[in-house]
Amino acid sequence: MSDFKLTAEQKNILAKKLSHLSKASCQSCGGKEWIASENIFEMREFHGGNLVIGGQSAILPVIPVTCKKCGQTIFFNALTLGILNQGKENEQK
Ligand SMILES: [Zn+2]
(Lines give C-alpha, C1' and ligand atoms only; values in the text may rest on other atoms or scores of the structure.)
Protein backbone atom coordinates (compact mmCIF):
# COMPACT_ATOMS: atom_id res chain seq x y z
CA MET A 1 0.00 0.00 0.00
CA SER A 2 1.69 3.16 -1.16
CA ASP A 3 -0.93 5.83 -0.92
CA PHE A 4 1.51 7.93 1.03
CA LYS A 5 4.37 8.02 -1.42
CA LEU A 6 5.95 11.42 -1.75
CA THR A 7 4.74 13.62 -4.57
CA ALA A 8 7.20 15.12 -7.05
CA GLU A 9 6.93 18.43 -5.21
CA GLN A 10 7.67 16.79 -1.86
CA LYS A 11 10.65 14.96 -3.37
CA ASN A 12 12.01 18.30 -4.57
CA ILE A 13 11.76 19.76 -1.09
CA LEU A 14 13.34 16.64 0.39
CA ALA A 15 16.26 16.77 -2.06
CA LYS A 16 16.89 20.43 -1.18
CA LYS A 17 16.60 19.95 2.56
CA LEU A 18 18.85 16.89 2.58
CA SER A 19 21.42 18.24 0.13
CA HIS A 20 23.90 18.54 3.02
CA LEU A 21 24.03 14.74 3.11
CA SER A 22 26.04 14.76 -0.10
CA LYS A 23 28.96 15.95 2.05
CA ALA A 24 28.14 13.82 5.08
CA SER A 25 29.79 10.53 5.86
CA CYS A 26 27.99 7.68 7.53
CA GLN A 27 28.85 7.61 11.25
CA SER A 28 28.98 3.84 11.15
CA CYS A 29 31.09 3.00 8.08
CA GLY A 30 32.19 6.29 6.54
CA GLY A 31 30.08 5.64 3.43
CA LYS A 32 29.00 8.65 1.43
CA GLU A 33 25.95 7.40 -0.43
CA TRP A 34 22.51 7.77 1.09
CA ILE A 35 19.12 6.58 -0.05
CA ALA A 36 16.09 8.54 1.10
CA SER A 37 12.79 6.68 1.40
CA GLU A 38 9.98 7.69 -0.94
CA ASN A 39 7.52 7.05 1.84
CA ILE A 40 6.83 8.82 5.07
CA PHE A 41 6.88 6.53 8.10
CA GLU A 42 5.44 7.11 11.53
CA MET A 43 6.97 6.54 14.92
CA ARG A 44 4.41 5.97 17.60
CA GLU A 45 4.85 6.98 21.18
CA PHE A 46 5.66 3.97 23.38
CA HIS A 47 2.94 2.96 25.80
CA GLY A 48 4.44 0.00 27.62
CA GLY A 49 3.81 -2.33 24.72
CA ASN A 50 0.13 -1.44 24.41
CA LEU A 51 -1.10 -0.24 21.06
CA VAL A 52 -2.57 3.23 21.53
CA ILE A 53 -3.80 5.13 18.51
CA GLY A 54 -5.11 8.67 18.71
CA GLY A 55 -5.98 10.37 21.97
CA GLN A 56 -2.89 11.56 23.82
CA SER A 57 -0.55 9.33 21.83
CA ALA A 58 1.98 11.29 19.79
CA ILE A 59 3.01 10.26 16.29
CA LEU A 60 6.22 11.42 14.70
CA PRO A 61 6.29 11.45 10.88
CA VAL A 62 9.77 10.59 9.64
CA ILE A 63 11.69 10.08 6.41
CA PRO A 64 14.21 7.25 6.77
CA VAL A 65 17.54 7.78 5.03
CA THR A 66 19.76 4.72 4.70
CA CYS A 67 23.49 4.40 4.13
CA LYS A 68 23.91 2.45 0.91
CA LYS A 69 27.00 0.68 2.18
CA CYS A 70 26.16 -0.53 5.70
CA GLY A 71 22.45 0.10 6.03
CA GLN A 72 22.58 2.43 8.99
CA THR A 73 19.32 4.33 8.85
CA ILE A 74 18.78 7.83 10.14
CA PHE A 75 15.44 9.57 10.46
CA PHE A 76 14.46 13.09 9.53
CA ASN A 77 11.33 14.68 10.92
CA ALA A 78 8.99 15.24 7.96
CA LEU A 79 7.40 18.25 9.67
CA THR A 80 10.78 19.92 10.23
CA LEU A 81 11.73 19.27 6.61
CA GLY A 82 8.52 21.04 5.60
CA ILE A 83 7.28 18.30 3.32
CA LEU A 84 4.01 17.96 5.20
CA ASN A 85 3.13 21.61 4.87
CA GLN A 86 1.88 21.50 1.29
CA GLY A 87 -0.65 24.20 0.65
CA LYS A 88 0.19 26.04 3.84
CA GLU A 89 2.65 28.89 4.19
CA ASN A 90 6.26 27.85 3.88
CA GLU A 91 7.46 28.72 7.35
CA GLN A 92 10.97 27.30 7.10
CA LYS A 93 12.56 28.87 4.05
ZN1 LIG B 1 27.28 3.22 6.55
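## Overall fold

Helices and strands here are DSSP runs, with at least four residues for a helix and at least two for a strand, numbered from the N terminus. Counted that way, this predicted model contains 2 helices and 4 strands. If you walk along the sequence, you will meet them in the order α-β-β-β-β-α.

Of the 93 residues in the protein, 26% are buried. The exposed surface comes to about 6,800 Å², with 53% of it supplied by carbon and sulfur atoms. Looking at contacts between residues at least 6 apart in sequence, 50% join residues at least 24 apart.

## The zinc site

Let's turn to the metal. Which residues hold the zinc ion? Its protein donors are the SG atoms of Cys26, Cys29, Cys67 and Cys70, at 2.3 to 2.4 Å from the ion. Along the chain, these donors are spaced as C-x2-C-x37-C-x2-C. Cysteine 26 sits in the loop between helix H1 (8–17) and strand E1 (34–36), while cysteine 67 belongs to strand E3 (residues 59–67), so this pair ties together parts that are 41 residues apart in sequence. Cysteine 26 and cysteine 67 are both buried.

The site has 4 donor atoms with angles of 104 to 115° among them, and its geometry is tetrahedral. For comparison, the ideal angle for four tetrahedral donors is 109.5 degrees.

## The E3–E4 hairpin

Strand E3 also takes part in a hairpin with E4, and there are 5 residues between the two strands. E3 and strand E4 (residues 73–77) pair in the antiparallel sense, over 5 bridges. Within this part of the model, threonine 66 stands opposite threonine 73 of E4.

One residue to look at in the hairpin is glycine 71, which takes a positive phi near 90°. As you follow the side chains in the viewer, it helps to recall that in a regular strand they alternate between the two faces of the sheet.

## Serine 37

Another spot to visit is serine 37, in the loop between E1 and strand E2 (41–44). Is serine 37 buried or exposed? Its relative accessible area is 16%, and buried means under 20%, so serine 37 counts as buried.

What does the side chain of serine 37 reach? It comes to 2.9 Å from the backbone nitrogen of asparagine 39. Leaving aside residues up to four places away in sequence, serine 37 touches Leu6, Leu14, Ile63 and Pro64.

Key: Residues numbered from 1 in each chain as written. Predicted model: local features only at pLDDT ≥ 70, side-chain atom pairs only at ≥ 80, totals over all residues. Heavy atoms only, no water. Donors = N, O, S within 2.8 Å, 3.2 Å for Na, K, Ca; no water. Tetrahedral: all angles 85-135°; square planar, octahedral: opposite > 155°, others 65-115°. Buried < 20%, exposed > 50% of the residue type's maximum accessible area, 1.4 Å probe, protein only. Contact = heavy atoms within 4.5 Å. Areas by Shrake-Rupley, 256 points an atom, 1.4 Å probe, with all protein chains shown as cover. Polar contact = N/O pair within 3.5 Å; in protein donor to acceptor, adjacent residues only side chain to side chain. Pairing = 2+ DSSP bridges.
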